[in-house]
Amino acid sequence: VSTQSTGDLLRLSTEFNVEWLMKECHKRFADRILGQEKRIVSEDWEYGELEGIWEEILVMVSQWGETHLVFVDLFVKMVQELGEAKRRKFVEEFVKRNLVPLEVDVIVKSTEICNLGVVMKALLGNIEKNDTLTDKSRLLLGNLNMTLCKIHCLEDY
């Protein structure tokens with residue numbers, strides 16, 4: 001079954017509440033994430049690959065609710081498995097998005113303390129660019145431990 005048809009099956013199984021089919025679709029999507037994780041962690045990858053996986057997860061969570069949050073945890077696990085340089089690159093790119101609260105949660109959960117400076121730079125850049133606090137800035141400010149950022153990211157200030 002192709003990726004597209006698995007997505008279609010998931011949508012139909014959710015809309016019509018066919019539990020056994022939802023479970024099968026969840027399993028297939030989880031297997032797909034885990035299969036890509038092995039390749040992404042061990043080889044070169046493009047940020048767009050992770051972003052594509054994230055977009056699918058975001059659609060599932062926003063359309064069908066909390067039952068799909070397990071995929072957010074799988075995504076965070078995949079990002080955590082990246083080496084430090086790859087994880088830093090992911091954070092640098094991901095933080096450029098027009099963030100929603102769930103995405104800030106992903107950044108905070110998947111970022112090591114040493115990468116908080118990247119998030120702080122994005123926050124400061126967003127404030128400088130807009131001359132005001134945007135929704136993105138407010139989300140980042142509300143979810144970052146500023147004291148921890150200052151202690152561990154002193155060279156970034």
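This report walks through the helices of a predicted protein model and how they pack.

## Overall make-up

The protein has 9 helices and 0 strands. Read from the N terminus, its elements run α-α-α-α-α-α-α-α-α. There are 157 residues in the protein, and buried ones make up 40% of them.

How do contacts spread along the sequence? Take the contacts with a separation of 6 or more. Residues 24 or more positions apart account for 67% of these.

## Helix H3

Helix H3 covers residues 47-64, which is 18 residues. From its first C-alpha to its last it reaches 26 Å. That is close to the 26 Å expected at 1.5 Å a residue. Just after H3 comes Gly65, with a positive phi of about 85 degrees.

Which residues of H3 are buried? They are Tyr47, Leu50, Ile53, Trp54, Ile57, Leu58, Met60, Val61 and Trp64.

Glu51 also belongs to H3. Its relative accessibility is 26%, so Glu51 counts as partly exposed. Glu51 and Phe94 are 43 residues apart in sequence. In space, their C-alpha atoms are 7.9 Å apart.

## Helix H4

Helix H4 spans residues 70-81. Its 12 residues should span 16 Å at 1.5 Å a residue. The end C-alpha atoms of H4 are 17 Å apart, which agrees.

The buried residues of H4 are Phe71, Val72, Leu74, Phe75, Val76, Met78 and Val79.

## H3 against H4

Two packed helices are described by the angle between their axes and the distance between the axes. For H3 and H4, the angle is about 160 degrees and the axes are 10 Å apart. An angle over 145 degrees counts as roughly antiparallel. H3 and H4 are therefore roughly antiparallel to each other. H3 passes H4 in a left-handed crossing.

Which residues meet here? H3 brings Leu50, Ile53, Trp54, Ile57, Met60 and Val61. H4 brings Phe71, Val72, Phe75 and Met78. By class, the contact of H3 with H4 has 10 nonpolar residues, no polar ones and no charged ones. The H3 residues named here also appear among the buried residues of H3. Phe71, Val72, Phe75 and Met78 likewise appear among the buried residues of H4.

## H4 against H6

H4 also packs against H6. Their axes are 9 Å apart, at an angle of about 40 degrees. H4 and H6 are therefore oblique to each other. The crossing of H4 past H6 is right-handed.

From H4, the contact takes in Val72, Asp73, Phe75, Val76, Val79 and Gln80. From H6, it takes in Leu102, Val106, Lys109 and Ser110. The residues of this contact divide into 6 nonpolar, 2 polar and 2 charged. Val72 and Phe75 of H4 take part in the contact with H3 and also in the contact with H6.

## H5 against H6

Helix H5 is residues 84-94, and helix H6 is residues 101-110. Are they roughly parallel or roughly antiparallel? Their axes come within 11 Å and cross at roughly 160 degrees. H5 and H6 are therefore roughly antiparallel to each other. H5 passes H6 in a left-handed crossing.

On the H5 side, the contact is made by Arg87, Phe90 and Phe94. On the H6 side, Glu103, Val106, Ile107 and Ser110 make it. By class, the contact of H5 with H6 has 4 nonpolar, 1 polar and 2 charged residues. Val106 and Ser110 of H6 appear in this contact and in the contact of H4 with H6.

## Two residues of helix H8

Helix H8 is residues 135-143. Asp135 lies in H8. Is Asp135 buried or exposed? Asp135 is exposed, with a relative accessible area of 59%. Asp135 and Val100 are 35 residues apart in sequence. Their C-alpha atoms are 8.6 Å apart in space.

Asn143 is in H8 too. With a relative accessible area of 41%, Asn143 is partly exposed. Where residues up to four places away in sequence are not counted, Asn143 touches Val104 and Val108. Asn143 and Val108 are 35 residues apart in sequence. From C-alpha to C-alpha, Asn143 and Val108 are 7.6 Å apart.

Notes. Residues are numbered from 1 along each chain as its sequence is written. This is a predicted model: local features need pLDDT of at least 70, side-chain atom pairs count only at pLDDT 80 or more; totals for chains, interfaces and linings use all residues. Side-chain values use heavy atoms; hydrogens and water are left out. Helices (H or I, at least four residues) and strands (E, at least two) are DSSP runs, numbered from the N terminus. The expected span of a helix is 1.5 Å times one less than its number of residues. Buried means under 20% relative accessible area, exposed over 50%, partly exposed in between (1.4 Å probe, protein chains only). Axes are lines fitted to C-alpha atoms, for helices over the stretch in contact, and angles run from 0 to 180 degrees between N-to-C directions. Angles under 35 degrees count as roughly parallel, over 145 as roughly antiparallel, 65 to 115 as roughly perpendicular and the rest as oblique. A crossing is left-handed if the near helix is turned anticlockwise from the far one by less than a right angle, and right-handed if clockwise. Contact means heavy atoms within 4.5 Å. Ala, Val, Leu, Ile, Met, Phe, Trp, Tyr, Cys and Pro count as nonpolar, Asp, Glu, Lys and Arg as charged, and the others, Gly among them, as polar.
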